[in-house]
Amino acid sequence: MTENTSSLKNFFVYKCLFALTFWNHVGLSMENELLTPVSDNFPEDGSDQKIKSLALIDINKNQSSFDWVVIQNTTESLSLSEITNDNVEKLIALLSNFRQGSRLQNLTLTNVSVNWDDLMEIFQTVWHSSIEYFNVNSVTQLSQIERYVFDYSGTSMKALIMKKILITDLYFIQDDLYRIFADMNIADMTIVESEMIHMLCPSYESPLRYLNFLKNDLTDFLFQKCDNLIRLETLILQWNKFESLPKVSFMTSRMKSLKYLDMSNNLLRHDGADVQCQWAESLEELDLSSNQLADAVFECLPVNIKKLDLQNNQISSVPKGMADLKSLEELNLALNRLADLPGCSGFTSLRFLNIEMNSILTPSADFFQSCPGVRELQAGHNPFKCSCELQAFIRLERQSGGKLFGWPAAYVCEYPEGLRGTELKDFHLSELACNTMLLLVTALLLTLVLVAVVAFLCIYLDVPWYVRMTWQWTQTKRRAWHNHPKEQEAVLQFHAFISYSEHDSLWVKNELIPNLEKGEGCVQLCQHERNFIPGKSIVENIINCIEKSYKSIFVLSPNFVQSEWCHYELYFAHHKLFSENSNSLILILLEPIPPYVIPARYHKLKALMAKRTYLEWPRERSKRALFWANLRAAISINLPIADENRCGETD
């Protein structure tokens with residue numbers, strides 16, 4: 001017993017543990033360096049402990065003293081690296097010890113650089129060993145490829161994975177290379193990242209159930225008219241150079257058991273020409289994502305498909321009546337150019353729909369009515385336009401019972417710019433803003449109310465009177481221009497025009513006129529009794545007098561606000577104030593005017609009294625001298641034409 005224990009320890013001087021990844025089947029990985037002894041992993045008593053992992057890196061060592069029977073009885077997984085022409089014979093000798101019945105099931109070879117015949121000899125040795133899962137990474141074939149008669153009989157092999165295979169021989173007969181792999185009698189085969197341009201149809205009915213040719217250079221000629229892949233269930237042709245969707249369909253038409261096909265990341269197109277596609281009737285899942293397919297793709301789809309991936313293509317709509325996929329349950333249309341949610345008239349069994357990242361502004365609110373069987377809708381990350389039309393879709397989410405996947409984070413307003421970034425759940429518009437009929441009725445009612453208010457104000461403020469006065473002033477100015485076109489500007493003839501009520505005429509004649517005209521300077525006042533021109537209308541006389549006067553003096557009293565003509569004169573003077581941008585109004589408050597006495601239409605008088613300074617006639621005689629001095633100063637101006645005969649006269 002002691003001697004056996006010592007022998008085991010000596011055998012595992014260069015032993016190491018590893019974990020090897022064998023894609024789709026067995027988890028393996030490898031280490032690529034010579035390790036130091038780790039005899040502590042084995043029991044001192046030499047008991048029969050099973051070893052499941054063993055890495056043998058340096059196979060150039062003299063291993064003649066090793067007990068190969070121990071290896072094949074204790075090892076399930078083996079990883080070997082750096083295989084060259086110098087050590088390949090020792091590798092083959094090592095593998096020859098793992099005959100059928102040994103425990104070794106998983107073998108990984110990494111960084112293999114050998115001649116074609118040696119490479120085939122490795123495969124042939126593995127084929128007649130106990131190995132079931134063979135993984136080959138980074139292989140370089142050195143010599144010329146020649147025909148090799150491969151013996152496939154009596155194998156335990158189930159799966160082969162080959163990754164990064166480099167063929168250095170540029171001139172060889174394709175059958176010599178591809179026939180070896182096409183006729184392999186295993187269930188699973190993977191050849192990836194190897195720039196493979198072709199693969200032959202098996203010579204006989206193949207047991208292959210799984211084929212993975214990821215990242216190669218395969219084209220539309222693959223497996224055309226191939227009748228010997230009738231057991232194939234899964235075919236992965238992702239990242240190749242396929243271009244014709246109909247040819248892909250013809251390729252599958254003879255694969256009677258095919259259920260899953262991955263054609264993503266190719267160059268597939270379909271122009272909708274008069275070409276009838278023929279798919280395998282058994283096909284249930286098809287991945288056509290990341291190609292160049294447009295709307296016509298729906299003319300060329302397998303009728304019994306259950307799961308269809310069309311994301312990242314150029315589809316702008318799902319034509320109605322073109323596709324009748326009654327078995328379709330899952331449809332992925334993300335990253336296309338769709339402007340609305342598709343209907344389900346051709347997809348009566350649809351359960352899941354992904355339409356994210358398209359060009360949908362306002363999704364149809366009747367989607368779940370036309371697609372009652374849909375359990376989950378992924379419609380987020382679209383450029384939603386937050387408007388009244390979107391309100392119905394937002395209500396649809398509340399009624400759907402959580403069928404919108406990614407709500408609310410993935411549903412955000414893109415337009416208008418002011419609402420960009422707002423989640424749809426936070427977007428709200430009033431019923432009035434979105435109901436056209438209600439909006440029209442409301443607008444009509446508001447218009448009627450506005451008309452009524454305007455009519456009331458017109459009557460209350462005597463707007464028609466002001467309109468009439470404006471019209472008369474305009475006509476008077478027009479006639480004056482027509483009769484005297486050269487007199488574009490009126491020449492000032494008076495220092496001031498006096499506007500007053502007949503009830504205040506005594507104060508005007510006895511106080512105002514004498515104190516201004518008989519005082520210092522030559523002041524000329526315009527008074528209607530002496531300066532109105534006979535034959536002209538009163539309105540025309542008022543306008544002419546105001547325009548020929550430097551100032552307009554208004555004698556305000558309760559009598560003034562009751563006079564219609566005083567109102568005319570105030571209006572025209574006020575019009576001159578704004579039209580000529582002059583400061584021509586002088587207000588004299590002869591008697592206090594209670595606010596309630598002023599009619600509503602005298603709003604301009606109210607405004608003038610509120611905003612402008614007025615002179616108030618003092619009752620104390622001692623203050624009247626200052627009153628006259630201020631008034632005289634306000635109308636002081638040198639007139640271009642002065643009637644010297646008028647100066648100093650009493651009216």
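Trainee: Which side chain makes a polar contact with the side chain of Ser 387?

Mentor: In this predicted model, the side chain of Ser 387 makes a polar contact with the side chain of Glu 389, at 2.8 Å.

Trainee: Where is Ser 387 found?

Mentor: Ser 387 sits in the loop between strand S15 (384-385) and helix H8 (388-400).

Trainee: Does a residue in a loop have to be looked up separately for burial, and how is Ser 387 classed, buried or exposed?

Mentor: Burial is read from relative accessible area, and buried means under 20%. Ser 387 has 14% relative accessibility, so it counts as buried.

Trainee: Which residues is Ser 387 in contact with, leaving aside its neighbours within four places in sequence?

Mentor: With those neighbours set aside, Ser 387 is in contact with Thr 362, Phe 427 and Leu 429.

Trainee: Next, helix H8. How many Å should H8 span?

Mentor: Take 1.5 Å times one less than the number of residues. H8 has 13 residues, so the expected span is 18 Å; the C-alpha atoms at its ends are 19 Å apart, which agrees.

Trainee: Which residues of H8 are buried?

Mentor: The buried residues of H8 are Leu 390, Gln 391, Phe 393, Ile 394, Leu 396, Glu 397 and Ser 400. Just after the helix, Gly 401 takes a positive phi of about 75°.

Trainee: What covers the buried residues of another helix, H12?

Mentor: First, the residues themselves. In H12 (residues 505-517), the buried ones are Ser 505, Trp 507, Val 508, Leu 512, Ile 513, Leu 516 and Glu 517. Their cover includes strands S17 (494-499), S18 (525-526), S19 (549-556) and S20 (585-589), along with helices H13 (528-531) and H17 (624-634).

Trainee: Now the empty space. How much space lies in the second largest pocket?

Mentor: Rolling a probe the size of a water molecule over the atoms shows where empty space is left. Here, the second largest pocket holds about 480 Å³. It is lined by 24 residues, and the closest to its centre are Ile 165, Leu 166, Ile 167, Ser 194 and Glu 195.

Trainee: Which element gives the most to that lining?

Mentor: Strand S5 does, with five residues. The elements giving two or more are helix H4 (116-127), strand S4 (133-141), strand S5 (159-167) and helix H5 (174-182). By class, the lining has 16 nonpolar, four polar and four charged residues.

Trainee: How many helices and strands are there in the protein?

Mentor: The protein has 17 helices and 21 strands. Of its 651 residues, 44% count as buried.

Terms used. Residues numbered from 1 in each chain as written. Predicted model: local features only at pLDDT ≥ 70, side-chain atom pairs only at ≥ 80, totals over all residues. Heavy atoms only, no water. 1 Å grid on protein atoms, 1.4 Å probe; cavity = no way out; pocket = protein on both sides within 12 Å on 5 of 7 lines; lining within 4 Å. Points joined across faces, edges and corners; volume = space filled by probe spheres on them. Helix = DSSP H or I, 4+ residues; strand = E, 2+ residues; numbered from the N terminus. Nonpolar A, V, L, I, M, F, W, Y, C, P; charged D, E, K, R; others polar. Buried < 20%, exposed > 50% of the residue type's maximum accessible area, 1.4 Å probe, protein only. Polar contact = N/O pair within 3.5 Å; in protein donor to acceptor, adjacent residues only side chain to side chain. Contact = heavy atoms within 4.5 Å.
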